[in-house]
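Me: Could you take me slowly through one loop residue, and then show me how the helices and rings elsewhere in the chain are arranged? I am in my first year, so please explain each term when it comes up.

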Amino acid sequence: MEKRFPGILKIIEEKKDELQKKEAVIITEETAFTGETILTIEKNNRKLYLAGRRDPSAHPQNQISVLGRIFPNAPVFILGMGNIHYLEELVNTTDQSVIILIYEPLFSVFYKQLERIDFEEIFAGRTLAFIIEGINDDGFEALAATMLQGDKIPYMKYFVLPNYIELCKKQVSHFLDILVKKAENYYVNIGTKMFFTPYQAENFYHNVKYIPECYKAFQLFRLIPSDIPAFVVAAGPSLNKNIKELKRAKNKSFIIAVDTAVKPLLRERIEPDLFATLDGIKPLEVVETEQAKNLPMLTKVTAARSIMDYHTGKKFFYDEGYQYVHKLFQMNGKTIEGFPTGGSVATLAFSLACHLGFRKIIFVGQDLAYTDHKSHADGTFQDVMPEENTEKFIKVPGNYEEEVPTLKNLDGYRKWFEEYIEWWQKRHDTEFINATEGGAKIKGTILMTLAEVIDQECTKEVDIQACINSLEPVFNIQEQEKIIAYFHDTPNQVHAIVSLAQEGRKLYAQLDKLCQKGNLDKRAYVKILKKVKRNRKKIEENPNFELLSESMTRAEQIIRSGQYLRKNTIADGGIELARQGKKYMELLEEYAQILEAYTRETVGKAELSAGKAGLVTE
């Protein structure tokens, strides 16, 4: 521990007596039926086991398998280390890139485990983080925020070890509250996630046809000089005040705009060098103008289909984490890079500017508030945007006003910017300037007018369009043909999930029948569970499963509905597992059949189209 976290030994020794006295728990060791030593805690005349008396490793194996596939680079949070098999199981069953944080709310348990466990052996070169109550617990929220940067939240896994709720209810609530807070900031609220989910798979299989002739966002790295400033232009209402100034920045900076800012810019005869679009159901009207058609566009495969089809220029993609897309690159010996995107089109544009290495990044129109009681700049959704009643809105500090009205989702993005700027500046020599002449204050930025910034920073001429025009698509014609062949096989891949779901339903039916009998045959029980595990692994390894799982919120609720029910016997647990499993497989089969039909009409009919960007479907 001292080698991994220099200085921790001194802190532990200084606080040991104080913390153990404060917790007032008695930790003893007992022998499980397997012969292993397990820990028990006595507190307030109650004795609680921190690991299963029958088989300490069984519960970790079961609970971690129920979590589903843990993807590479995923963040995993564990509350408690009373049963070290949880950490061992994670280390043994996940990719080396998975980042694990252990939060131990009882210092006494942590100290006891230091005597018993060889952590160096368990670490095995892994990135592990420890938060120990009384030692460094004040850093939990900041560390969690770092682990959940960008798009990591959908891949997050977490669990609370047995009996910790009874022992440390307050700390468990704090642990869960922090994770919920971070998730809410990402999704804004669960309703947003539910709203977008049905569109993900349809957008994906419709838009993936553009991948063969695509460009990667990171092809822009070092292509554009980093010694010019980058303007990240959003469509906040204050853009009305200074949009005309941006004419002077053209060809002396890199201008990346959000989709809703495109029309206001073009109306002033300012062509952004790149615009970004992200949302799955963004209306086409925000960019529907002939001048916008051929502008370079930063986007993702699950973006709105109408905008993707309308746009005819270079499409720059980044890694969203889908296995299916990874496969298209891997089969051609290539990779696609990703970066944190923050969940909004403005945070996406900003993050790209950071990762392209610009040393001066300037916000314009990034109000994150209802400046002058308007939601957007004029010319976005209407020629003149109406004023709205902001009386009941939350209030946050303003750039030029003491307080400005805003909404919870906008405030979440503001906090994301602040956290990201703080994190980025610790690692890079980058200056962030806020030239938004209104709106909410963003900590970590220097406040200036846009005119001042342009006078000071826009001194070098650069032909950005020539730089971008020099790029070639990622894939050559032979590689594109390989991708088309893979597209044509996709309906068969999805049908394989249908068959596996049918097989899984039969296995759970067998499990239910076995557990309903008296005198459970444990060998038969274990045999069926092994088959269930193999079946689930085959399903999750299918590159189309991720898109299915994103649409299966109902199925996720089924799995979680019985997650915390306590069962008295193995048979009772098996019956509950069979109930969840059968319902899950029924839904999986239903969704997969719908997806199979859709892929036959989209990627199943994809063909190369000479002289056009992307492919067409008949």
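Reply: **A loop residue and its wider setting**

Asn 163 is found in the loop between strand E7 (157–160) and helix H7 (164–167), where helices (H or I, at least four residues) and strands (E, at least two) are DSSP runs, numbered from the N terminus. Residues are numbered from 1 along each chain as its sequence is written, and this is a predicted model, in which local features need pLDDT of at least 70 and side-chain atom pairs count only at pLDDT 80 or more, while totals for chains, interfaces and linings use all residues. Side-chain values use heavy atoms, with hydrogens and water left out.

Although Asn 163 is not a glycine, it has a positive phi of about 75°. Most residues other than glycine have a negative phi. With a relative accessibility of 18%, Asn 163 counts as buried; buried means under 20% relative accessible area, exposed over 50%, and partly exposed in between, using a 1.4 Å probe and protein chains only. Leu 368 is another non-glycine residue with a positive phi, here of about 55°, and it lies in the loop between strand E14 (360–364) and strand E15 (394–397). Leu 368 counts as buried, at 8% relative accessibility.

From loops we can turn to packed helices. Two packed helices are described by the angle between their axes and the distance between the axes. Helix H1 (residues 8–23) and helix H4 (residues 107–116) have axes that come within 9 Å and cross at roughly 125°, the axes being lines fitted to C-alpha atoms, for helices over the stretch in contact, with angles that run from 0 to 180 degrees between N-to-C directions. This makes H1 oblique to H4, because angles under 35 degrees count as roughly parallel, over 145 as roughly antiparallel, 65 to 115 as roughly perpendicular and the rest as oblique. The crossing of H1 and H4 is left-handed, a word used if the near helix is turned anticlockwise from the far one by less than a right angle, and right-handed is used if clockwise. The contact (heavy atoms within 4.5 Å) is made by residues including Ile 12, Lys 16 and Leu 19 of H1 and Phe 107, Phe 110 and Leu 114 of H4. By class, the residues of this contact are six nonpolar, two polar and three charged, where Ala, Val, Leu, Ile, Met, Phe, Trp, Tyr, Cys and Pro count as nonpolar, Asp, Glu, Lys and Arg as charged, and the others, Gly among them, as polar.

The structure holds 30 aromatic pairs, and rings of Phe, Tyr and Trp (its six-membered ring) pair if their centres lie within 6.5 Å, with planes under 30 degrees apart counting as stacked, over 60 as edge-to-face and the rest as tilted. One of the pairs joins Phe 110 and Phe 130, which are tilted, at 6.3 Å centre to centre and with 55° between the planes. Phe 110 lies in helix H4 and Phe 130 in strand E6 (residues 128–132), so the pair ties together parts that are 20 residues apart in sequence. Phe 110 counts as buried at 0% relative accessibility, and Phe 130 is buried as well, with a relative accessible area of 5%.

A further helix contact involves helix H15 (residues 345–355) and helix H16 (residues 408–425), whose axes come within 11 Å and cross at roughly 10°. That makes H15 roughly parallel to H16. Among the residues that make the contact are Phe 350 and Cys 354 of H15 and Trp 416, Tyr 420 and Trp 424 of H16, and the contact residues divide into eight nonpolar, three polar and no charged. In H15, 11 of the 11 residues are buried, so this helix is largely enclosed by the rest of the structure. Just after H15, Gly 357 takes a positive phi of about 90°. Phe 350, Phe 363, Trp 416, Phe 417, Tyr 420, Trp 423, Trp 424 and Phe 432 form one aromatic cluster.

Glu 337 lies in the loop between helix H14 (323–330) and H15, and at 27% relative accessibility it counts as partly exposed. Not counting residues up to four places away in sequence, Glu 337 touches Lys 216, Phe 218, Tyr 318 and Asp 319.

Finally, helix H19 (residues 477–516) and helix H20 (residues 522–541) pack at an angle of about 160°, with their axes 10 Å apart, and they are therefore roughly antiparallel to each other. The crossing of H19 and H20 is left-handed.
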